[in-house]
Amino acid sequence: DTSTFWYSRQVRDRLRCVAPSATVALDEAAVKGEHTDDLLVDDADLNSVFRVIDAQSQFVTISIIGNDLLNAEPPGTPPTQDQINRAAAEITDSRQNLQEILSSLVPGIPGATIELNTLYDNLADACATGNSTAFHREWVPLVNRVLREVAWGQARRVTNAEVFLEFAHEDLQNGCTGFQGQ
């Protein structure tokens, strides 16, 4: 299932299972297609770091940077140096935005658990083979390393949800379910 908020709903349902008497609400504030810098704009919708701080949620889960990379993927094979530089610049900009977002959320919601999801390869519908591209196979793991390092570098550690591993599952006996088999 690749519908909007599928993963968030899975997290909500798992929380309801482990704490049946707790109230678990999902605001689904994300906007499909938004970039990391959109979260830093103080506008009226819930899709900003400012509205999240105002809400004072106890658990905040963030899936970020994927949309920033949509137009950064080099169209050619092999990519030119300019295309590689553009992708690297987009990742650097996204990392700076993520740092600003997390360094606002961590002190802004002092009692919250903040969880940052790793990226998954949305083109790898069959693990490493599927319809993925060299860019996805090489750069998504690098971006995930950036996500982990930014999360771990906060004054109060932000947790990571290893979504990449969940959606690109390969078991110990080389069985592969990939994105479609989940």
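A salt bridge, as I use the term today, is a side-chain nitrogen of Lys or Arg within 4 Å of a carboxyl oxygen of Asp or Glu. With that in hand, let me start with Asp-42, which in this predicted model forms a salt bridge with Arg-51, the closest N and O atoms being 2.5 Å apart. Arg-51 has another partner in Asp-54, and for that pair the closest N and O atoms lie 2.8 Å apart. Both Asp-54 and Arg-51 belong to helix H2, which runs over residues 49-55, and they sit three residues apart in it, about one turn of the helix. As a general point, an α-helix has 3.6 residues a turn, so residues three or four places apart point the same way. Asp-54 itself counts as exposed, because its relative accessible area is 53%, and the cut-off for that word is over 50%.

Let me turn to helix H1, residues 6-18, where a similar question of spacing comes up. Asp-13 and Arg-16 both lie in H1, again three residues apart and about one turn of the helix, and they form a salt bridge whose closest N and O atoms are 3.9 Å apart, a value to be read against the 4 Å limit of the rule. Asp-13, with a relative accessible area of 32%, is partly exposed, and Arg-16, at 40%, is likewise partly exposed. Arg-12 joins these two residues in a network of salt bridges. By this rule the count for the model comes to five salt bridges.

H1 also contributes to a nonpolar part of the surface. Val-18, which lies in H1, is exposed, since its relative accessible area is 69%, and together with Leu-15 and Phe-59 it forms a nonpolar surface patch with about 260 Å² of accessible area in all.

Finally, I come to helix H4, residues 81-108, and to what its length tells us. At 1.5 Å a residue, its 28 residues should span 40 Å, and the end C-alpha atoms are 40 Å apart, so the expected and computed spans agree. Which residues of H4 are buried? They are Ala-87, Ile-91, Ser-94, Asn-97, Leu-98, Ile-101, Leu-102, Leu-105 and Val-106, and I would note that Ser-94 and Asn-97 are in that list alongside Leu-98 and Ile-101. As for what they meet, the buried residues of H4 pack against H2, strand E1 (59-63), helix H3 (66-69), strand E2 (113-117) and helix H5 (134-152). That brings us back to H2, the helix that holds Arg-51 and Asp-54.

Terms used
Residues numbered from 1 in each chain as written. Predicted model: local features only at pLDDT ≥ 70, side-chain atom pairs only at ≥ 80, totals over all residues. Heavy atoms only, no water. Patch = residues over 30% accessible without salt bridge, like charges linked within 9 Å, V, L, I, M, F, W, Y side chains within 5 Å. Areas by Shrake-Rupley, 256 points an atom, 1.4 Å probe, with all protein chains shown as cover. Helix = DSSP H or I, 4+ residues; strand = E, 2+ residues; numbered from the N terminus. Buried < 20%, exposed > 50% of the residue type's maximum accessible area, 1.4 Å probe, protein only. Expected span 1.5 Å × (residues − 1). Contact = heavy atoms within 4.5 Å.
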